[in-house]
Amino acid sequence: MRKVFLMMKNSLLQRIEKNDQLIVYCIQKQLIMSVKHQVENQTKKIKKFFGLLGPGLTTGAADDDPSGIATYSQTGAQFGYAQLWTALYMLPFMTAVQEACARIGMVTGKGLTGVIKEHYSKKILYSSVGLVVIANTINIGADIGAMAAAAQLIIPADIVILMLFFTISILTLEVFTSYRVYSKVLKWLALSLLAYPLTAFIIDQPWKEVLKASIVPHFEFSFNFLFIITGVFGTTITPYMFFWQASQEVEEENERGLIQDGKPNIGWRHIHAMRKDNSIGMVISEFTTWCIILVGGTVLHSAHITDINTAADAAKALEPLVQSFPNSGLISKIIFATGIIGLGLLAVPVLSGSASYAVSEAFNWNASLNLKFTKAKGFYMVIIISTLIGLCMNFIVINPVKALVYTAVLNGVAAVPLLFLIIRISASESIMGEFKSRWLSKSLLWATFFFMAAASIAMFFTI
């Protein structure tokens, strides 16, 4: 009897042990499936987030091009923290302007030039196209020169050879690469902006003074102050961004098959997705602007470097990022050169591309980065010619760093009449229908117009 009992006990224990193992196995499997499911959900969310990022991110990153870096660095070097507030206060205006441009492109299925051509006179059309082509070509030249000057900090090569190398590389990328690949390249190049935020938060800052300067506006009614602040406005809210983002929204719609029979098939969900992309791009852009001015003020102005004449002068702003490393001066030059070159490769195609969209739409040429050269010869020829003219401008004896700042000021003046047209178009019910600008958008757009016009006029009155 006892033997039978022991056998029954052992059998029961074995069953319990097997059941325990099965339960443990089931629990482990459930945990693994749960973790896998959570990882997949998080991956989908991350992919969805990055999927939203498109023209807004690219445009925001291109805004901090070599011209922007030079202007913001000069601002910090010359005036310290006195113009830090511009980054915060320009953000809503910059966002409103780019949102209006993107919305115009999405709703009409056309770039800005196409809309102006359809609803305004030829005089206004050609004036608008002329403004953006001239400003962009000058900007292209300044950016190519700056890229070559930055490259010379680390490569002992003739500046002409470097300029030719960058020009050929950019044209090859833009003409022979599809929009799908090209847009991905542009997104990755935006990472070049990280050097300045890293520097800003590594070095010791007088944070109370910085916070006050970032919130409380400071004005000086002098030519130098107004000249630089017009440049800050001009390189932040700049003509090429208006045309580029509107055209790129149309490219995105074509990529997603949202244009049917020449008309976009969109709803408010598409507008909301665009606004998220636009807002993220503009916040990143203005945060970077703030960091560049801050670094310039802390590193350069504090060291009594108030005038940036060379790429090497500007590179000194990044030395604190690597000051504990051997050869910190060389490393800072490498980081600076990488940022200028990366952002130049991003900005020059945007500049030439936006000019080409404007010209092509004015003359009814095929205009798309998705088309091959043989299908859009006029479009690509404008890109090639504007880039080559920009290259040739560097053979005029102009300081490449100063040229970047002067270009920013020119953009600030040229943006004013274009803003007026954007305001009129985005608020027009006959053009935009239910997606026309509401009171908040109109208020911000008109405020941007008046601020930039006032800065330009005040600058000329102080000459």
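Here are some questions and answers about cavities, a helix and salt bridges in this predicted model.

User: Before we start, what kind of model is this, and how are residues numbered?
Analyst: Residues count from 1 along each chain as its sequence is written, and side-chain values use heavy atoms, with hydrogens and water left out. It's a predicted model, where local features need pLDDT of at least 70 and side-chain atom pairs count only at pLDDT 80 or more, while totals for chains, interfaces and linings use all residues.

User: Which helix gives the most to the lining of the largest cavity?
Analyst: A cavity is a set of points, on a 1 Å grid over the protein atoms alone, where a 1.4 Å probe fits but cannot get out, and lining residues have an atom within 4 Å of a point. The largest cavity is lined by 15 residues, and among the helices supplying at least two each are α6 and α17. Helices here are DSSP runs (H or I, at least four residues), numbered from the N terminus. The top contributor, with four residues, is α3.

User: Where does α17 kink?
Analyst: The bend at a residue is the angle between axes fitted to the seven residues ending there and the seven starting there. In α17 the kink is about 35 degrees and comes shortly before Pro417. The spot is Val416.

User: Is α17 enclosed by the rest of the structure or exposed, and how many of its residues are buried?
Analyst: Buried means under 20% relative accessible area, exposed over 50%, and partly exposed in between (1.4 Å probe, protein chains only). α17 has 27 residues and is largely enclosed by the rest of the structure, because so many of them are buried. The count is 20.

User: Which residues are linked with Glu99 in a network of salt bridges?
Analyst: A salt bridge is a side-chain nitrogen of Lys or Arg within 4 Å of a carboxyl oxygen of Asp or Glu. Glu99 pairs with one partner at 2.8 Å between the closest N and O atoms, and with another at 2.9 Å, N to O. The linked residues are Arg103 and Arg275.

User: How many residues apart in sequence are the parts that Arg275 and Glu99 tie together?
Analyst: Arg275 and Glu99 meet in a salt bridge. Arg275 lies in helix α13 and Glu99 in helix α4, so the pair ties together parts far along the chain from each other, 176 residues apart.

User: Is Arg103 buried or exposed?
Analyst: Arg103 lies in α4 along with Glu99, four residues away, about one turn of the helix. Its relative accessible area is 1%, so Arg103 is buried.

Definitions and conventions:
1 Å grid on protein atoms, 1.4 Å probe; cavity = no way out; pocket = protein on both sides within 12 Å on 5 of 7 lines; lining within 4 Å.
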